[in-house]
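Dear colleague,

I am handing over the structure we spoke about, and I would be glad if you could look through it before reading my notes. The sequence and the structure come first, and what I found in them comes after.

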Protein chains: 2
Amino acid sequence: MSGTAADKLAQDLAEAILAGEFAPGSRLDEQLLAQRYSVSRTPVREALRQLAATGLIEVRPRRGAIVAEVTPKQLEDLFVAMGELEATCARLAALSMSTTKRRKLQALHERMGELAKTDDAMAFADANDSLHEMIYEGSHNSVIADMTLQLRRRLAPFRRAQFHLEGRPPRSHAEHDVVV
Amino acid sequence: MSGTAADKLAQDLAEAILAGEFAPGSRLDEQLLAQRYSVSRTPVREALRQLAATGLIEVRPRRGAIVAEVTPKQLEDLFVAMGELEATCARLAALSMSTTKRRKLQALHERMGELAKTDDAMAFADANDSLHEMIYEGSHNSVIADMTLQLRRRLAPFRRAQFHLEGRPPRSHAEHDVVV
DNA sequence: GGTTTCATTTTTGTATGCAAGATGTGACGT
DNA sequence: ACGTCACATCTTGCATACAAAAATGAAACC
């Protein structure tokens, strides 16, 4: 085991929240969490602070932590922000990308084109993540890449919802087409 | 006093670090800080975690916290990132800005044009902050605005250095001119 | 002389105790 | 019945205590 208990807790909690195990707005009682994970309140508190920094939860001084409620407006803002950041990544990547890398990207993009037809949502999602990761790396700017990735993770559950909602893969592919 | 001791500590520490009171790479001993600020280690730890989230310091598990060393490459990345984010803010603002707001912006911009000639660095810096704040607000996207502001704060000391280095105000004004 | 190993010490991470603020409940008054 | 105020309880925030890991230094060995 590498990290501290608090770090692991933060990860576990983040997953639990993103998985919807805690409803938005619900209180995150320190003692309860401590019991649930068989640790004391101290690492729980640290984990909560960590998560608060990512925006996943909200801690009001002396009033406890709650799962962040994302209003439609905020959600919209988050999506817009991610879109803009990804576009920036893509632009930077386009400027400073070696031809071999570009090849790989193109290849992956085309394979995704095929996957989009087969309706294999899982495979498409995986490939999609790879592609975005490549773009983030390609930007050669760890600051922007990190911010974008963080946003992306935070939006993961909502993206999934959109994914299942309609035939998103083809549209997504089309958008990528423009970028590439 | 509204906030908790940990929050205040985080602010104070951030200021101290940005003011250069702690050299980059230097260890931040929890006990020392606790004594220095007359609190126990607990709030110090929480403050350190908070600062780590902003990228100002770095905490290695079980190895203590150090002031983040910004390599030239990272600094470059930070500046690029801020530039891109501000550009995005400006673009969004341009799209959704009322004419009255636009007026105000223009007025402020022109006043800065005059200030740029008078060599009053302080006044120019103040006006500059106001202008950027207006743009952030104008984006109508709190997510991007927050990220940009956070970056801006983190880069404050370096920006100051650049400011004093050469006649930056005129150049800055020229850049703004394009944006406006 | 340099290196490795082991013990000491220092420092971080976690648990627990205690105080202060927040929350909830019920009596009391209008 | 409704609102208010006092009180009891619960939760968070801070301090202290303890455990474990890493840094330090010294002695033994090559």
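Below I go from the overall make-up of chain A to a hairpin, a pair of helices, the core and the contact between the chains.

Please keep in mind throughout that this is a predicted model. Chain A has 8 helices and 3 strands, and these elements follow one another along the sequence in the pattern α-β-α-α-β-β-α-α-α-α-α. Of its 180 residues, 29% count as buried. Among the contacts in chain A with a separation of 6 or more, 65% are between residues that lie 24 or more positions apart.

The hairpin is a convenient place to begin. Strand 2 of chain A (residues 57–60) and strand 3 of chain A (residues 64–67) run antiparallel and are joined by 4 bridges, one of which pairs Arg60(A) with Gly64(A) in strand 3 of chain A. There are 3 residues between the two strands of this hairpin, where Arg62(A) takes a positive phi near 65 degrees.

Turning to the helices, the axes of helix 4 and helix 6 of chain A come within 7 Å of each other and cross at roughly 65 degrees, and the crossing is left-handed. Where they meet, helix 4 of chain A brings Cys89(A), Ala90(A) and Ala93(A), while helix 6 of chain A brings Ile135(A), Tyr136(A) and Gly138(A). By class, this contact is made up of 5 nonpolar residues and 1 polar residue, with no charged residues.

Cys89(A) deserves a second look, since the largest nonpolar core has 42 residues and, of these, Cys89(A) and Cys89(B) touch the most other members. The elements that give two or more residues to this core are helices 4, 5, 6 and 7 of chain A together with helices 4, 5, 6 and 7 of chain B. Leaving aside residues up to four places away in sequence, Cys89(A) touches Ile135(A), Tyr136(A), Ser139(A), Ile144(A), Ala145(A) and Thr148(A). As general background, nonpolar side chains tend to be buried together in soluble globular proteins.

Lastly, the contact between the two chains takes 19 residues from chain A and 20 residues from chain B. On the side of chain A, the elements that give two or more residues are helix 3 (41–54), helix 4 and helix 7, and helix 4 of chain A gives the most, with 6 residues. The residues on this side of chain A divide into 8 nonpolar, 6 polar and 5 charged.

With best wishes

How values were computed:
Residues numbered from 1 in each chain as written. Chains lettered and ligands numbered in written order. Predicted model: local features only at pLDDT ≥ 70, side-chain atom pairs only at ≥ 80, totals over all residues. Core = buried A, V, L, I, M, F, W, Y, C linked by C-beta atoms within 7 Å. Buried ≥ 20, exposed ≤ 12 C-beta atoms within 10 Å, placed from the backbone. Contact = placed C-beta atoms within 7 Å. Pairing = 2+ DSSP bridges. Axes fitted to C-alpha atoms, helices over the stretch in contact; angles between N-to-C directions. Left-handed = near helix turned anticlockwise from the far one by under 90°. Nonpolar A, V, L, I, M, F, W, Y, C, P; charged D, E, K, R; others polar.
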